[in-house]
Amino acid sequence: MADDSIDGLIEDMVNAAKLPAKARAINIKSTVASFSTLAYEEGIVPAALDRLIDLVTIPNYLDQASLASVVRNLYPAERVSPNVVLHVVSALGHGALKAPLSLQAALLKWLVMVYHVLETPAVLAQAYSVLFNLLDTAAIRPQLAHLLALITRRKHVRPFRIQALLNLSRQTGNDPPLVGLLRVFKDYYPEIIVGEAVRGKASAFKHPDVLWRSRLAEIQDAHRQRVAEQRPTGPQSGFRVNRPVNRAQRNKAVPIVLTSHATEDSVTLEEVEDVSSFVAKMDKLELPNQLVAVLADPLLQKLLILRPNPESYQRISNWLSAVFQEVMAGDADEATLWEVLEVVREFVVQTKTIPPLLLSFFSQFFNIWGGEGKRDVCFDILGFTPFHDFGELHRLIFQPLEAAVQYFAPGSQQGLLQMYTNLLRQWTAILQASDSIPEHASATIASLVLHTNTLALTLLQTSPSVTTDASILDFYEQTTRVITDAKLKRYVRIELPPSPLIYTFLFNNSLATVSRICFILACYKRGIETAVATRPRAPAADAAPRIDSHTYDRPFVNLFNGYIMDVCNLFWRNRGFNDTDTNAQACTLSPATVNALAAYAVSVDRALPLTSFFSLSHSPVLCYQSIERVRDLEDDAMEHDGEIRVRHGGPVTQSTLTRLANAGGMKLSWQDYRIEVLKNLADNGFPGIAELLKNAMTVLKRSIDGRLSIQGTPMQP
């Protein structure tokens, strides 16, 4: 609540700073006073601190008294980020865009007082030269010298700085702050700085405001306590019983660990203090009174994993069953249900297992649930659903869930997509750890992918954004981890994303998205080629069928080859939207549409046909990287071969490279230019396009091998 109030006051001050005093509708002095009171009581969270630093460092219409009051009450509730420090440093110095000198002095004093809570103190050392060069400004010299004294290390004490300090000290009549800084320098090099230079009255560099620092410590301690109370999980170590410090922290529905029937020979969980104690006493540990406490206690979870006991899990199931029956019968309120499910979520995430009773409850609950409440709890839990036939799981659980949350789209659709991504990740881990692959493995994975295909297409329409694109690509990148795994690729069939999704991403305005979809297609291509080249053989009686040349029929292979051909035509061959090449699909555009676009392209620029619009040189997401690579190559040529008379104006084509060489410019072949662009993309974290083209064209692969190193991990946006 306090943070919300501070945010509102900050917003008022920011808005007032944009207007002259006579044009404001509020009394800014009362607003600043209210802010000062709240900041002193509660402190300032990082996001608010960023806004306030901008407010006091950027010239505006607020009066100096108000800005000074804001600086005096900048009590950070957490550690101060390097960005905040750099913003303050950038406001120092002389100029119309710099903060007034009185405010600069206050900001430097603030840096001194928060130096011990800086997230990265080294950031000030990086700005040492900037700070040192401001010592000739008398108005900020005392605070600046104090800050420099704090950050000075041996590497900063250079002869030219010593000489500059000595000269400045003589000019100012041995100014105490300068003498104090010289004494710090002398501590590192006493043989260089003579004693006469540091004699006289000098600044002791005492803390500017001890009471302010004391209050800051109280604010940060209180903030840490509030965060700890709000954190749902137990201690970070995980090797102590979760002991809430007060009743407000306790989960009312789930009991805490309590052992009251221990013997002299046994050891209770409450006695364990660290991992060594846990290991030494594990065989003697007595189970607590109520085993359902395992849902909220990490230490008890570890004990039951290492000492599994069917009776223990049955006791937990009985407790959960009683709670769920009360919910279904209407005897328990909704708050109790979500409280229990939140604890169950923590248990599931930690143990990677779902109690079977919970799936049975969900199958009934989702049919009567209206989708309100904490949907993310259900999504997080179901991301760890055991590996069973997807059709059955969809009928009993996922379909009722989707129906229940459909009125909260597209947010619920995002949650469902993340759930299916987590589910595929969980199933991949299960299959990798299995001694034998279940017979239904390929069909189950395929059903999950096909179902998610529809969800992904829906999301592209209901919530088009970079975030949506990234979430969808996360899912398909997870499918590549299945089909590239040395073990699983022999048993799991590849299911392709739908054509509209592929082409939507290929024509996306984000280079990261284009690179990621190309990398996914490259992984699919390698998997399909391996399968087509594998001879069929009879599987063992109890083993899953293997992927071989009979797995993919001709229409499937032709469809996939059509995607690859379209990509090659777009980016490499300057034959975009061509449907005459073998398997080419013209990016699924009809001939009438292609003709209309071609006519428009000619009307805009006769020299640039539609077929070249998405080449490496002209594509909206690639043109900048392409011409930048040419600029770098020209710079390298000038450095090694002397001056070149003409630079390429861009965009690059085969004919412009020929004209460039004839005019005295850099000599670069069309093939080498394109390979250099692909290499540059890969080096900058976008390997997908080069990986796909290299795997699609044998001639290009031979040209690239030895010159281009493609990383094996797709770029994240």
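**Close-up views of helix packing and one loop residue**

**Figure 1. Helix 20 crosses helix 22 with left-handed geometry.** The model shown is predicted. Helix 20 spans residues 411–433 and helix 22 spans residues 466–483; the two pack at an angle of about 15°, and their axes lie 10 Å apart. Angles under 35 degrees count as roughly parallel, and helix 20 and helix 22 are therefore roughly parallel to each other.

**Figure 2. Residues in the contact of helix 20 with helix 22.** Helix 20 contributes Q414, L417, Y420, T421, L424, R425 and T428. From helix 22 come T468, S471, I472, D474, F475, Q478, T479 and V482. By residue class, this contact holds six nonpolar, seven polar and two charged residues.

**Figure 3. Helix 17 and helix 18 cross at roughly 140°.** Helix 17 covers residues 356–368, helix 18 covers residues 375–382, and their axes come within 12 Å. The angle makes helix 17 oblique to helix 18. This crossing, too, is left-handed.

**Figure 4. Residues in the contact of helix 17 with helix 18.** On the helix 17 side are L358, L359, F362 and F366. They meet C378, I381 and L382 of helix 18. The residues of this contact are seven nonpolar, with no polar and no charged ones.

**Figure 5. P609 in the loop between helix 26 and helix 27.** The loop containing P609 connects helix 26 (591–604) with helix 27 (623–641). Is P609 buried or exposed? Its relative accessibility is 36%. Buried means under 20% and exposed means over 50%, so P609 counts as partly exposed. G576 is 33 residues from P609 in sequence, and the C-alpha atoms of P609 and G576 are 9.6 Å apart in space.

**Figure 6. The whole chain, as context for the close-ups.** The chain has 31 helices and two strands. Of its 717 residues, 48% count as buried. Where contacts join residues at least 6 apart in sequence, 68% of them link residues at least 24 apart. The exposed area of the chain is about 34700 Å², and carbon and sulfur atoms supply 53% of that area.

Key. Residues are numbered from 1 along each chain as its sequence is written. This is a predicted model: local features need pLDDT of at least 70, side-chain atom pairs count only at pLDDT 80 or more; totals for chains, interfaces and linings use all residues. Side-chain values use heavy atoms; hydrogens and water are left out. Axes are lines fitted to C-alpha atoms, for helices over the stretch in contact, and angles run from 0 to 180 degrees between N-to-C directions. Helices (H or I, at least four residues) and strands (E, at least two) are DSSP runs, numbered from the N terminus. Angles under 35 degrees count as roughly parallel, over 145 as roughly antiparallel, 65 to 115 as roughly perpendicular and the rest as oblique. A crossing is left-handed if the near helix is turned anticlockwise from the far one by less than a right angle, and right-handed if clockwise. Contact means heavy atoms within 4.5 Å. Ala, Val, Leu, Ile, Met, Phe, Trp, Tyr, Cys and Pro count as nonpolar, Asp, Glu, Lys and Arg as charged, and the others, Gly among them, as polar. Buried means under 20% relative accessible area, exposed over 50%, partly exposed in between (1.4 Å probe, protein chains only). Accessible areas come from the Shrake-Rupley method with a 1.4 Å probe; for residues, only the protein chains shown count as cover.
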